[in-house]
Amino acid sequence: MDPFDDLLRGVRADGAIFGRSVLTPPWALRFADEASLTLLVLLRGEGWIAGEAGGEPRRLRTGEAAIVRGPEPFVFATEPPGAGSPVREVRAGRTPGDGGGPGGHGTDLVGPTVLLAGAYHMRGQVPRRLLGVLPPLLLVPDEHDCASMNDYLESQLIGARPGRQVVLDRLLDWLLVCTLRDWFDRPEAVRPGWYHALGDDVVGPVLRAMHRAPDRPWTLASLAAEAGVSRTTLAKRFAELVGEPPLAYLTEWRMALAADMLADSAETVATVARRMGYADAFGFSSAFKRVQGVSPSEYRRQREGRPAALGSGPEDGRSASG
């Protein structure tokens, strides 16, 4: 397992299909899902993508894929912004126009434009680490590795076979990962340090070890042993490629995992601490507050929208283990 796997684990599409009846020129679709990411795959035709927050409009052509980072709305239209095309609002799982759900317009694909789109709502801190390294809009041309799937994707839009939406959503999930991977390999991409480091003979094995078993009592010496190098060599190489020391990276990764666990489960702070490799809740709570700015219990209260308990604070670790 590596950082790329972990950041995308659990991400699932809430898909919407747009066929000819929606995309008869002139048209403009306003995506207003407040999704973290929206994947657009243009199977036929072309159009323009423009974010409402500004930025240069980009043309999307047949076979190309685009990923738009949210949550701000954006428009995909026949003409560049300002051309006056009628705008229809789009939300995942529902096509605009004359009624019907995701399958409502999927059987008529003889029009000039066929678009497949999927919205991704990423609510945890782990996937947000991916969002932080992506541009507002990325576009991958039709010679990318994923384009070979486009004909098959279009074939899945025809007819009303049982489970079609589930199949399309899973294909979109696969295409999202493939598109992101192709994007990071492009010269214009700004790659995070850990992405570079995955291919390094020294740092790559260490990153995978930390992500494979974040609960292990890692030390600089044990991490260096994973790479078969000295502690000095690992510390220097890791800082050069990733931009921070190995144990600092490990702590931040553990605290991101812990934050999502606290938000999404009823585990006690002591249990979360053990699962993150801490022998007691005190040490874990101290590290969590240093990284996240609040104690684990306060973080959970904030996520649940509950007021802080009187007297809560330094004794957070003790009260949670009971």
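Let me begin at a loop: P71 lies in the loop that joins β6, residues 65–69, to β7, residues 74–77. The peptide bond leading from G70 into P71 is cis, and its omega is near 5 degrees. Most peptide bonds are trans, and most residues other than glycine have a negative phi. I should state at once that this is a predicted model.

A second loop belongs beside that one. E34 sits between strand β2, residues 28–31, and strand β3, residues 37–44. Although E34 is not a glycine, its phi is positive, at about 60 degrees. Is E34 buried or exposed? The relative accessible area of E34 is 60%, and a residue over 50% counts as exposed, so E34 is exposed.

Before going further, let me give the overall picture. The protein contains 13 helices and 10 strands. Of its 322 residues, 50% are buried. If we take the contacts between residues at least 6 apart in sequence, 73% of them join residues at least 24 apart.

Two residues illustrate pairs that are separated along the chain. The first example is R58, which is located in strand β5, residues 58–61. Its relative accessibility is 35%, and R58 therefore counts as partly exposed. Which residues does R58 touch, leaving aside those up to four places away in sequence? They are G47, W48, I49, L137 and L139. R58 and L139 are 81 residues apart along the chain, and their C-alpha atoms are separated by 8.4 Å.

The other example is S148, in the loop between β10, residues 137–140, and α3, residues 150–156. With a relative accessibility of 63%, S148 counts as exposed. Between the C-alpha atoms of S148 and G63 there are 8.9 Å, while the two residues are 85 apart along the chain.

I turn now to the helices. Two packed helices are described by the angle between their axes and the distance between the axes. I shall use that description for three pairs, and I start with α6, which spans residues 203–212, and α8, which spans residues 231–242.

The axes of α6 and α8 are 10 Å apart, and the helices pack at an angle of about 85 degrees. An angle of 65 to 115 degrees counts as roughly perpendicular, and α6 and α8 are therefore roughly perpendicular to each other. On the α6 side the contact involves V203, V206, L207 and M210; on the α8 side, it involves L234, R237, F238, L241 and V242. By class, the contact of α6 with α8 comprises 8 nonpolar residues, no polar residues and 1 charged residue.

Helix α6 also packs against α9, here at an angle of about 30 degrees and with the axes 11 Å apart. Angles under 35 degrees count as roughly parallel, so α6 is roughly parallel to α9. The crossing of these two helices, α6 and α9, is right-handed. L207, M210 and H211 of α6 make the contact with P246, Y249, L250 and W253 of α9. The contact of α6 with α9 has 6 nonpolar residues, 1 polar residue and no charged residues.

What lies against the buried residues of α7? Helix α7 runs over residues 220–227, and its buried residues are L223, A224 and A227. Seen down the axis of α7, these residues fall within an arc of 100 degrees, so they line one face of the helix. Residues three or four places apart in an α-helix point the same way, because the helix has 3.6 residues a turn. The cover over the buried residues of α7 includes α6, α8 and α9. Following α7 comes G228, with a positive phi near 70 degrees.

The last pair brings us back to α9, residues 246–264, now with α12, residues 296–304. Their axes are 9 Å apart, and the packing angle is about 50 degrees. The helices α9 and α12 are therefore oblique to each other. Their crossing, that of α9 and α12, is right-handed. In this contact A259, M261, L262 and A263 of α9 meet P296, Y299, R300 and R303 of α12. The contact of α9 with α12 has 6 nonpolar residues, no polar residues and 2 charged residues.

To close, I return to the three packing angles: about 85 degrees for α6 with α8, about 30 degrees for α6 with α9, and about 50 degrees for α9 with α12. Thank you for your attention.

Notes:
Residues are numbered from 1 along each chain as its sequence is written. This is a predicted model: local features need pLDDT of at least 70, side-chain atom pairs count only at pLDDT 80 or more; totals for chains, interfaces and linings use all residues. Side-chain values use heavy atoms; hydrogens and water are left out. Axes are lines fitted to C-alpha atoms, for helices over the stretch in contact, and angles run from 0 to 180 degrees between N-to-C directions. Helices (H or I, at least four residues) and strands (E, at least two) are DSSP runs, numbered from the N terminus. Angles under 35 degrees count as roughly parallel, over 145 as roughly antiparallel, 65 to 115 as roughly perpendicular and the rest as oblique. A crossing is left-handed if the near helix is turned anticlockwise from the far one by less than a right angle, and right-handed if clockwise. Contact means heavy atoms within 4.5 Å. Ala, Val, Leu, Ile, Met, Phe, Trp, Tyr, Cys and Pro count as nonpolar, Asp, Glu, Lys and Arg as charged, and the others, Gly among them, as polar. Buried means under 20% relative accessible area, exposed over 50%, partly exposed in between (1.4 Å probe, protein chains only). The arc is that of the directions from the helix axis to the C-beta atoms.
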